[in-house]
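Reader: I should like to learn how to read the features of a structural model. May we work through one together?

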Amino acid sequence: VSTQSTGIPSWNSTETGGDLAAESFTGSRDYSAFLTAPAALGFLRSWRSDLGENASEFCARNLRLAIRKLSESWATAEEYWPHNDVIPPNIAMVKLPSAIPPIRTNLAGSAGGAVEPSFRRTLREKYDIECSVVYIREIGNFLRLSFAIYNTQQDIDWLASAVQDIVAKNNFSESMT
């Protein structure tokens, strides 16, 4: 055991004289970010859209618009997608075009480690879009869509055209397994 002071309260706790407050910190985590939580929550509670909506109302309305726009753009409007009465206010699964082959991945921790599907990598690297994609057996590929107060309908337009561009260029032809 080193007698050198680490400056981290939970290490060499005898240096702090066994002070319970110092020992309650875990490792080298910096909890100062928690000090911003009251201000952040206050901002979110007081935030209003141009239409006077609170954050939850704004996100719910724009998520429904985004689902409709993406489903129509990708010709998946008649296929399975969450209906208005069952989607949470800011997240949904939107069916991707059927031209995209099944996206299969090895989950982290499984044999072979994590394998990122090329479709998702293409979205991120060529279009600066980060999203989660998943293949649901017998139904198809889905994109997890979130909408927050900082998102715009222009973001949704960019996503719609990026996916259409990938499909048009057959940019997912490499193995998705």
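Author: The turns below go from the overall fold to single residues. Please keep in mind that this is a predicted model.

Reader: Which pattern of helices and strands does the chain follow along the sequence?

Author: The chain contains five helices and three strands. Read in order, they give α-α-α-β-α-β-β-α.

Reader: How much of the chain counts as buried, and what does its surface consist of?

Author: A residue is called buried when its relative accessible area is under 20%. By that criterion, 31% of the 177 residues are buried. The exposed area is about 11200 Å², of which carbon and sulfur atoms supply 55%. As for contacts between residues at least 6 apart in sequence, 56% of them join residues at least 24 apart.

Reader: In which sense do strand 2 and strand 3 pair?

Author: Two strands are taken as paired if at least two bridges link them. Strand 2 (residues 132-136) and strand 3 (residues 140-146) are antiparallel, with five bridges. One example is Val133, whose bridge partner in strand 3 is Leu143. Three residues lie between the strands of this hairpin, and Glu138 has a positive phi there, near 70°.

Reader: Is Ile139 buried, partly exposed or exposed?

Author: Values between 20% and 50% are read as partly exposed. Ile139 counts as partly exposed because its relative accessibility is 37%. This residue sits in the loop between strand 2 and strand 3. Together with Val134 and Ile136, Ile139 makes a nonpolar surface patch of about 190 Å².

Reader: How many ångströms should helix 5 span?

Author: The expected span is 1.5 Å times one less than the number of residues. Helix 5 (residues 153-168) has 16 residues and so should span 22 Å, and its end C-alpha atoms are indeed 22 Å apart.

Reader: Against which elements do the buried residues of helix 5 pack?

Author: They pack against helix 3 (55-73), helix 4 (118-127) and strand 3. Among these buried residues are Ile156, Leu159, Val163 and Ile166. After helix 5 comes Asn170, with a positive phi near 50°.

Reader: Where are Ala75 and Asp128 found, and are they buried or exposed?

Author: Ala75 has a positive phi near 55° although it is not glycine, and it lies in the loop between helix 3 and strand 1 (91-95). With a relative accessible area of 62%, Ala75 is exposed. Asp128 also has a positive phi, near 55°, and belongs to the loop between helix 4 and strand 2. Asp128 counts as exposed because its relative accessibility is 71%, and the cut-off for exposed is over 50%.

Technical notes:
Residues are numbered from 1 along each chain as its sequence is written. This is a predicted model: local features need pLDDT of at least 70, side-chain atom pairs count only at pLDDT 80 or more; totals for chains, interfaces and linings use all residues. Side-chain values use heavy atoms; hydrogens and water are left out. Helices (H or I, at least four residues) and strands (E, at least two) are DSSP runs, numbered from the N terminus. Buried means under 20% relative accessible area, exposed over 50%, partly exposed in between (1.4 Å probe, protein chains only). Contact means heavy atoms within 4.5 Å. Accessible areas come from the Shrake-Rupley method with a 1.4 Å probe; for residues, only the protein chains shown count as cover. Patches are made of residues with over 30% relative accessible area and no salt bridge: like charges are joined within 9 Å, nonpolar side chains (Val, Leu, Ile, Met, Phe, Trp, Tyr) within 5 Å. A salt bridge is a side-chain nitrogen of Lys or Arg within 4 Å of a carboxyl oxygen of Asp or Glu.
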